[in-house]
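Thanks for sharing this one with me. Below are a few notes to read alongside the structure.

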Amino acid sequence: MTLCHIFVYICEFKTKTMEQSKKYLLSEKDIPTAWFNIIPSMPVKPRPMLNPATHKPLTVEDLYPLFSEEASRQELNFTDSWIEIPEQVRDLYKIWRPTPLVRARGLEKMLDTTAKIYFKNESVSPVGSHKLNSAIPQAYYCKKQGVTNVTTETGAGQWGAALSLASRMFGLELAVYMVKISYNQKPYRRSIMQTYGAEVIASPSMSTKAGRKIITEHPNYQGSLGTAISEAVELAVSTPNCKYALGSVLNHVALHQTVIGLEAEKQMEMAGDYPDIVIGCFGGGSNFSGIAFPFLRHNLSGERSTEFIAAEPASCPKLTRGVFSYDFGDEAGYTPLIPMLSLGHNFSPANIHAGGLRYHGAGSVVSQLKNDGLIDAVDIPQLESFEAATLFAKSEGIIPAPESAHAIAAAIREARKAKEAGTSPVILFNLSGHGLIDMTAYDRFLAGDLANYEVPDNEITDNTRDLEKL
């Protein structure tokens, strides 16, 4: 083979490799300058959150003891479709944004599908997930207000890691209540938070009234996001100059995450495609809202007819089997009453490895959209999610977080449907995080030690029976 032949071979190989998983990249100037607030566009607005003491609609001032004042205003903003991103927040976004949009040709080939599959790769952030999109503005608003201490909860540790870094960026002290099962299953996520300077407490703990009550009644309880939220809220309201920050569920968190979908819109245009189906995994709604809401606004205006699918675990099926009612966002009943699709705030999810999806309820906006038939939801068994994750890793080279694997599984379902029907839909999903710190879960899956778990109907009925009284 001559040198010329070798050169041609190398060029052809590089071209094929680039074509297999083609990336659509933006520049810093393409980072959105405003977040998109979907509420003004909704045909039916979410019902108001209620003050748990008075049962009257929540006011912005009611939220001030808990959240930063700007986060409180954003939470109850039902009028402004676009909310400006502060310049300092946007500058910090530039550390990793814009994130790549990737055509998953390797996965398409492995599935032998007629569909086109794209994914937005949020795993490239410094903490390996999309959570930093909201952690930075929440920490910024606290610092700007003169707050010195912040509390939060975390399920799998992605949000805790993100807020730990954001708090360090703005010189805030942070205490993280980490769901006990994840605290033990995911020690390296705990180490990441501690490396950034956060204090990490396994929840339930003996450090709060809520935690002590739960431990006394259930000594071996492995925790839930509802419990961890109760502890973080209790510490925030009882500590001087301290605020609470939340990683999902509420409107201002979903708002911050819309940078994902706004970038993806531009990138899909670069690719010459528009999604027929948009998919995100679902715990409380942050990454699903982030990828879906910017595209959904075109459905609401009548311009498009995209399908939106939220992929949740079968062991925590609030969207597919929950009750639409007012409920607390935490187990102890400290939070406002939220109109949500819920399994009941006392629901104890199975100890699956997708810890970030083990939350009892959905945010009020997503719940209303689901109730109105504007989005769909599917529940994914744990084994199917890990089968999809390993298939994705083999075809695209990225090991996804167990949470993100649910979105991949839903995308694979749709791609297989397309092959059977002979259609060619464009599928876009959000790869919300990588799984390089979740290898214990993969070890158990590869060893055959994981199992599926489906919630019995009677458990949901028993747990939601009293919601109407709230």
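**Notes on two sheet regions**

1. Let's begin with the parallel sheet. In this predicted model, four strands make up an open sheet with parallel pairing, and their order is 8-7-6-9. At the edges you will find strand 8 (199-203) and strand 9 (242-244), each of which pairs on one side only. On average, and ignoring direction, neighbouring strands of this sheet are turned by 20 degrees against each other.

2. Next, have a look at how strand 9 is attached. It runs parallel to strand 6 (residues 149-154), and three bridges join the two. One bridge to look up is that of Val150, whose partner in strand 9 is Lys243.

3. Two helices deserve a place in your picture of this sheet. Helix 7 (residues 158-169) packs on the sheet and touches strand 6 and strand 7 (173-179); the direction of helix 7 makes about 165 degrees with that of strand 6. Helix 11 (residues 225-238) also packs on the sheet, with contacts to strand 6, strand 7, strand 8 and strand 9, and its direction makes about 170 degrees with that of strand 6.

4. Further along the chain, strand 12 (residues 323-328) and strand 13 run antiparallel and are joined by six bridges. Phe328, for instance, has Leu337 as its bridge partner in strand 13.

5. Is strand 13 (residues 337-342) enclosed or open? Six of its six residues are buried, so strand 13 is largely enclosed by the rest of the structure. Leu337, Pro339 and Leu341 point one way, while Ile338, Met340 and Ser342 point the other way, and all are buried.

Notes. Residues are numbered from 1 along each chain as its sequence is written. This is a predicted model: local features need pLDDT of at least 70, side-chain atom pairs count only at pLDDT 80 or more; totals for chains, interfaces and linings use all residues. Side-chain values use heavy atoms; hydrogens and water are left out. Two strands pair if DSSP finds at least two bridges between them. Axes are lines fitted to C-alpha atoms, for helices over the stretch in contact, and angles run from 0 to 180 degrees between N-to-C directions. Contact means heavy atoms within 4.5 Å. Buried means under 20% relative accessible area, exposed over 50%, partly exposed in between (1.4 Å probe, protein chains only).
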